[in-house]
Structures are given as C-alpha cells and as structure tokens.
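Got your viewer ready? Load the model, pick a cartoon view, and we'll walk through it stop by stop.

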Amino acid sequence: MLIDNHGRPITYLRLAVTDKCNLRCFYCMPEEGLDWLSRAELMSYEEMLHVCRVMVNMGIEKIRITGGEPFVRKDIMQLLTAIAGLDGLKELSLTTNGVLTAPYVPELKKIGIRSVNLSLDTLDANRFFTITRRDEFANVIAAMEAMLHHDMEVKINAVVMDGKNTQDILPLVELTKDLPVSVRFIEEMPFNGDGHVYDGLHWDYVRILDEIKTKYPQIKKLDDPANSTAYNYQIPGHKGSVGIIAAYSRTFCGTCNRIRITPQGQLKTCLYDDGILNVRDLLREGIEDDRLRNILQEAFKHRPKDGWEAERTRAAQTGIHESMATIGG
Ligand code: SAM
C-alpha cells in the first residue's frame with residue numbers, strides 16, 4: 001500500500017481527461033472559455049492508461065475520470081473501457097455535468113461503473129442558464145433520470161454561491177425525499193480560471209447546514225465512510241441523503257487518500273498544490289516503469305500536510321489562477 005509522509009494511505013486517483021467543457025459556469029471559467037490545451041499538450045489515451053496501470057500496480061484502488069467535461073473528449077468510452085479492465089482496480093467512477101451523458105449510461109453500467117457524480121447547482125432552468133451560460137438543464141435532468149433508471153448511485157454536486165443559488169439549497173434537499181440520490185453541497189473554492197480575486201467564503205459548511213435546518217430541524221448525522229470528504233446527513237423518511245463538503249475550509253485533509261493528474265499530465269498530491277511533476281513528459285522521454293514508480297513514491301513522500309500548507313507554498317510562487325477544469329474537479 002502507498003503511504004504518504006503523514007501516514008495517510010493513497011488509494012484514489014482523479015484523472016482529468018480534458019480541460020474543455022461545454023458549460024461556462026461563471027465560478028469555474030470565463031465566458032470565452034480557457035486557453036485550451038492543444039492536442040499535443042494533452043495526454044493521449046495510451047499515456048493515461050499507462051500511468052493508471054502503473055499506479056494501480058502501486059496500490060491505487062479507485063480511479064475517477066473527470067475534467068473539463070469527460071464526454072467532450074472524443075472516444076471517451078474507449079479509455080473508460082480500458083481503465084475498467086485494469087487488473088487490481090476496485091472501482092472506476094466519473095464526474096460529469098450531464099449535458100451529453102444520458103445516451104452513454106447503459107454502456108457505463110455495462111463496463112461496471114456503479115456511481116456517478118453529477119454536477120447540478122440549481123433545479124431552476126433559468127438559474128441554470130445564468131450560472132452555466134448554456135441552455136442545457138433538460139439534458140442534465142435526463143442524465144440523472146437515465147442513471148437512476150439503470151440503478152446507478154447518483155451523487156449530485158452543487159456548489160453553493162452567495163447571491164446566486166442559495167435559494168436552491170432547500171429544493172435540492174427536497175429532491176432526496178423521493179429519489180435515492182445523495183445531494184452534496186460544496187463550498188466555493190478560489191479556482192475560477194481567470195485569477196480574479198476571491199473575496200472570501202460567504203457560505204461555509206456550518207452556514208449551509210444551518211440553512212438546511214431551517215426547514216429540516218430533524219436532520220440526522222450519518223456515519224461518514226472512511227476518507228469521505230463530505231459530512232453526511234439524512235432527513236428521516238427521505239430516500240436519499242445530504243452531504244456537505246468543506247472544500248474551502250479543508251476539514252478533511254487529515255484523511256486525504258487522493259491524488260490528481262491534470263489533462264497535461266501534472267501530478268498533484270493536493271488539490272491546492274501547483275503540480276509537482278509531469279508524468280506525460282516522463283512517459284514521452286521513455287521512462288521505464290520501475291523508475292516511474294520510484295519517482296512517484298518519492299513524490300508521495302513529500303505531500304503537504306493539508307490544503308493550507310499547499311496553498312501557502314504555491315501562493316509564495318504564483319498565487320491561484322487555475323480553473324477547476326484544468327485541475328480535475
Ligand atoms: N465537467 C464535470 C462536471 O461538471 O462535473 C467535471 C469537472 S468540474 C470542474 C468538477 C466539479 O468542480 C463540478 O462539480 C464543479 O461545480 C466544481 N467546481 C468548479 N469550480 C469550482 C469552484 N470554484 N469551487 C467549487 N467547486 C467548483
């Protein structure tokens with residue numbers, strides 16, 4: 001098993017397969033999009049599969065495919081199918097905005113994907129348009145329905161933004177009444193892609209919970225699974241559950257088991273770090289697997305204690321100008 005310098009097992013890789021997205025969520029990237037990576041800058045599927053194979057051999061048990069939006073990358077099912085077939089991998093899952101996802105659901109199920117994170121910040125079609133700058137609400141709902149129809153576990157991720165969608169908190173909780181979905185509220189993070197100064201967090205996990213309690217004072221705390229980033233709750237009688245992810249407050253770093261690879265191959269051992277080495281470059285230099293393993297092992301021995309330490313280190317160098325789309329949210 002891989003253990004980092006703070007005694008934390010590393011078992012979970014989040015692989016971002018593209019920086020491109022078909023939505024323009026205002027908190028993630030500017031309206032005109034990002035300065036997209038060229039094809040040569042992106043890791044090829046072969047390179048992604050290679051690094052996944054090495055990491056699974058080293059002890060990674062779970063891989064989540066993310067982006068950008070995974071389904072805007074051509075032939076994504078080819079990569080998903082190949083990763084799903086890796087010996088030793090216990091779980092493959094993905095994070096999607098749902099715009100193009102519904103038609104893929106039967107195939108996702110077939111290759112063994114049991115759980116999908118679906119990003120949805122509002123249940124109001126007009127607000128959806130304001131937040132994402134795209135008229136795609138109906139497709140996202142269709143994706144959710146297709147996943148439920150195929151008995152997939154659906155986790156709905158909603159970023160809570162002051163003045164934008166806080167009126168959606170209670171309706172999203174209400175969704176758990178009849179649907180077996182887990183609705184997870186996420187604190188907004190300073191990864192907006194244009195480097196504009198983030199003026200602090202207005203809705204932290206405590207305030208989000210307080211808001212939910214105004215309508216559901218009977219809300220009950222559930223046991224959180226090991227390495228959970230969410231504080232989990234349930235309204236008695238509801239089919240689904242509610243989670244709150246303190247992504248800005250960073251209360252979960254002590255049990256963090258995850259690492260990330262960006263679409264251009266940067267390895268991040270913390271969401272808030274700046275990328276510590278480039279696996280794409282190493283593969284293109286023809287590195288042997290044994291040597292790659294050693295380099296990765298060494299990197300895992302230098303993980304920051306928490307996201308505060310990582311942010312301090314990078315702020316001293318560059319500050320945060322990244323979008324979640326280039327990190328792999
Ligand atoms: N396109 C896919 C999706 O929408 O789920 C995967 C990538 S997206 C960057 C992953 C998640 O990051 C989404 O749930 C999105 O809302 C979240 N995200 C993006 N920017 C964020 C920010 N500044 N703070 C918190 N969450 C953010």
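**Stop one: a hairpin**

Start by selecting Arg260 and Lys268: Lys268, in strand E13, is the bridge partner of Arg260. Before going on, know that this is a predicted model, where local features need pLDDT of at least 70, side-chain atom pairs count only at pLDDT 80 or more, and totals for chains, interfaces and linings use all residues. Residues are numbered from 1 along each chain as its sequence is written, and side-chain values use heavy atoms, with hydrogens and water left out.

Now colour E12 and E13 (residues 266–268), which run antiparallel and are joined by two bridges. Strands here (E, at least two residues) and helices (H or I, at least four residues) are DSSP runs, numbered from the N terminus. Two strands count as paired if DSSP finds at least two bridges between them. Between E12 and E13 sit four residues, and in this hairpin Gly265 takes a positive phi near 90 degrees.

Show the side chains of strand E12 (residues 258–261). In a regular strand, side chains alternate between the two faces of the sheet. Are the faces of E12 covered or not? Both are: Arg258 and Arg260 on one side, and Ile259 and Ile261 on the other, are all buried. Buried means under 20% relative accessible area, exposed means over 50%, and partly exposed is in between (1.4 Å probe, protein chains only).

**Stop two: across the sheet**

Next, add strand E3 (residues 12–16), which runs parallel to E12 and is joined to it by four bridges. Click Leu15 and you'll find it opposite Ile261 in E12.

Zoom out to see an open sheet of 12 strands with mixed pairing, in the order E9-E10-E11-E8-E7-E6-E5-E4-E3-E12-E13-E14. Strand E9 (220–221) and strand E14 (277–278) stand at the edges with a single partner strand each, so one side of each has no neighbour in the sheet.

Now pick strand E7 (residues 153–160) and strand E8 (residues 182–187), a parallel pair joined by six bridges. To see one link, select Asn157 and its bridge partner in E8, Arg184.

**Stop three: the ligand**

Select the ligand and the residues near it (a heavy atom within 4 Å). There are 18 residues around the ligand, and Tyr27, Gly68, Glu69, Ser119 and Met189 come nearest. The shell divides into seven nonpolar, eight polar and three charged residues.

Look for nitrogen atoms on the ligand. One lies 2.9 Å from a backbone N or O atom of Gly68. A polar side-chain atom of Glu69 is also 2.9 Å from a ligand nitrogen, and a polar backbone atom of Met189 is 2.8 Å from a nitrogen atom of the ligand. Switch on a surface: the protein covers 95% of the 540 Å² of accessible area that the ligand has on its own. Strand E5 (91–96) and helix H11 (324–327) are the elements that give two or more residues to this shell.

**Stop four: two loops**

Go to the loop between helix H4 (125–132) and helix H5 (137–149), and pick Glu136. At 22% relative accessibility, Glu136 is partly exposed. Neighbours within four places in sequence aside, Glu136 is in contact (heavy atoms within 4.5 Å) with Leu23, Val99 and Phe128.

Arg133 is in the loop between H4 and H5 too. Its phi is near 60 degrees, a positive value in a residue other than glycine. Most residues other than glycine have a negative phi.

Finish at Asp151, in the loop between H5 and E7. Asp151 has a positive phi as well, near 55 degrees. Is Asp151 buried or exposed? Asp151 is exposed, with a relative accessible area of 66%.

Notes. A polar contact is a pair of N or O atoms within 3.5 Å; within protein, one must be able to donate a hydrogen and the other to accept it, and residues adjacent in sequence count only if both atoms are side-chain atoms. Accessible areas come from the Shrake-Rupley method with a 1.4 Å probe; for residues, only the protein chains shown count as cover. Ala, Val, Leu, Ile, Met, Phe, Trp, Tyr, Cys and Pro count as nonpolar, Asp, Glu, Lys and Arg as charged, and the others, Gly among them, as polar.
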